[in-house]
Structure formats: structure tokens, C-alpha cells
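The following exercises are to be worked through with the structure in view. Each task is followed by a solution in steps.

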Amino acid sequence: MSEIKEVSSMVSDWVHEYSDHLYSWALYKTSSKVIAEDLVQETFLSAFQSHSNYAGKSTPKTWLTAILNNKILDYYRKKTKEGTTPISQTYFDERGSWKNQISESLWSQQDHLLDNPDFNATLAECMGNLPEKWRLSVLAKYTLEKKPDEICQELQITKSNYWQMIHRAKLQLKECLDKNWV
Amino acid sequence: MIGQKIMNWATFSCKEASEMIEKQAVTKLSSAEKIKLSMHTAMCETCKAYARESELIDKSILNHIKAQAEEKNNLSDEFKTNLIRKLEDKSE
């Protein structure tokens, strides 16, 4: 067997052994099945290309996880820096007051909202409709498991950039919930 | 009219107030920002609701991430077979 075939067969074995674990991790970090699949695929393709860097000092699982973590961070970085996303609608009038006043949004006063699986499912769906940049901005707090300062450093964005993205995301999520959750 | 002007000077608009609510979660507000925000939310029910909603959204996102992590998440056999095929193609 040629060397390259040997590598390919070794990496293929790793697919059987570790891909589910890597996928779960990527899914936890991105909260999207499609993106998690892409990142896992890229991880194995990178592992194949750079197998010579794998010195066998760590377990394949650790090595693959390190590659995946880099891919995840790259993904966050790239997406959160993507140009401005057009806002589908404005939520405020020219004086900066809410267009929709309180009467139209009473869901936050419902009891035990977070124990309601339907509410959580509705929100998850609303999250899926967000532009990727904003979706990641509200996820980062939990998935990157770091303080805001460090998140901004990792993503190479400013703090005001970060909270402005979160603000946009929350406005759109609020609107989606106002519409779809009563 | 004058009342409105004083209001604009002393407090935030709803747009600014809701921004400050998010800013507050990321970084410290200045003293002036803090005062203007609390004056605004004291009077504005919609912004008070926004603060609640924002917090609920955060908690629900965390719930969702946790629930997803507890599920058994496996890749399909089809996905794995395709991936292995791609790796083999590369070694041709």
C-alpha cells in the first residue's frame, strides 16, 4: 500500500471512531446540525492533509479535537465579521420610540415560560431565522464559555460591535416571539 | 415641547435604552449612562419588558444548548460513508 493510501485508511478509521464525538462537540458549539457536519468534514480533510504534523504525541481524538476547535473559532470569527446585514424592518420610529408598545408583547409576563418546551422550541426556530452573524453573537456567551472581553479578543471585534450585534439579534428574536408566541 | 426637550436631554430614547440594556451585559456603563437608563426604564413599560424579554431569551438559549448536548447526536452512516469516499478520492 502506498503511503498516501495508508494515511487515507488511517483517517477513515478515525471517521468511524471519532466523528460522532466531534460532531456532538461541534453541534454544542454552533447549535446547528448543518454547520456542525461541515466543520467535522473539514476537520477530517485537514487531518488528512496535515497528517505529517500528527506526531502521535497526543491521542488522535485530542489532535482531531484541536483541529475542530480551530475550525469552530475560525467560523465564528469569519461570520461575526461579515459585512452589515440589512435589517428586515425597523423597530423604532424616527424619535427612537418603540413602534410596537407593550400591549403587543406580553409573553415575558407568563409564568414558567422556560419550563414550557413549546416556548423553547419556538425560540430555537426563531434563532434559526437569524442571520448567522447575529445568531452567533447571542450564542457566543455560552458556547465560547468566556468573559465578554475575551470573546471580543478571540473574535477580533470591539465590545461595542459585540453588544450592537446582540442588540440586533435580540430585537429580531423579540419580534419573532411577539408574532409566534402568544 | 420644553418637557420633551428636557426628556431627550435627561434620558434615553427607547432605542438607546434597549441598546444600553445589552451594553450593560457586555461592559460597564458610565455613570451618566446608568442614570439615564434607570430614569428611562422607570417610566417606560415597554423597555422594562424588553429587559425581561432579553433575559428570558438568554435563558432559553442556554436551555436549548443544554438540551441539545444531552441528546444522542450521531452522524448518519451515509454522511460517514461519503466522507470516507472523499478521503479516498484525495489519495487517488
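The exercises below concern a predicted model.

**Exercise 1.** Determine whether Ser31(A) is buried or exposed, and state where in chain A this residue is found.

Solution. Ser31(A) lies in the loop that joins helix H1 (3–30) to helix H2 (33–49) of chain A. Its phi is positive, about 55 degrees, although the residue is not a glycine. A residue counts as buried when 20 or more other C-beta atoms lie within 10 Å of its own. Ser31(A) has 23 such atoms within 10 Å and is therefore buried.

**Exercise 2.** Carry out the corresponding analysis for Glu145(A), asking whether it is buried or exposed.

Solution. Glu145(A) occupies the loop between helix H5 (132–143) and helix H6 (148–155) of chain A. Phi is positive at Glu145(A) too, near 50 degrees, and this residue is not a glycine. The limit for an exposed residue is 12 or fewer other C-beta atoms within 10 Å. Because Glu145(A) has 10 within that distance, it is exposed.

**Exercise 3.** Check the length of H2(A) against the expected span, then identify what covers its buried residues.

Solution. At 1.5 Å a residue, the 17 residues of H2(A) should span 24 Å; the end C-alpha atoms are 24 Å apart, so the two values agree. The buried residues of H2(A) include Leu39(A), Val40(A), Phe44(A) and Phe48(A). Their cover includes H1 and helix H3 (60–81) of chain A, together with helix H5 (77–90) of chain B.

Conventions:
Residues are numbered from 1 along each chain as its sequence is written. Chains are lettered from A and ligands numbered from 1 in the order in which they are written. This is a predicted model: local features need pLDDT of at least 70, side-chain atom pairs count only at pLDDT 80 or more; totals for chains, interfaces and linings use all residues. Helices (H or I, at least four residues) and strands (E, at least two) are DSSP runs, numbered from the N terminus. The expected span of a helix is 1.5 Å times one less than its number of residues. Two residues are in contact if their C-beta atoms, placed from the backbone, lie within 7 Å.
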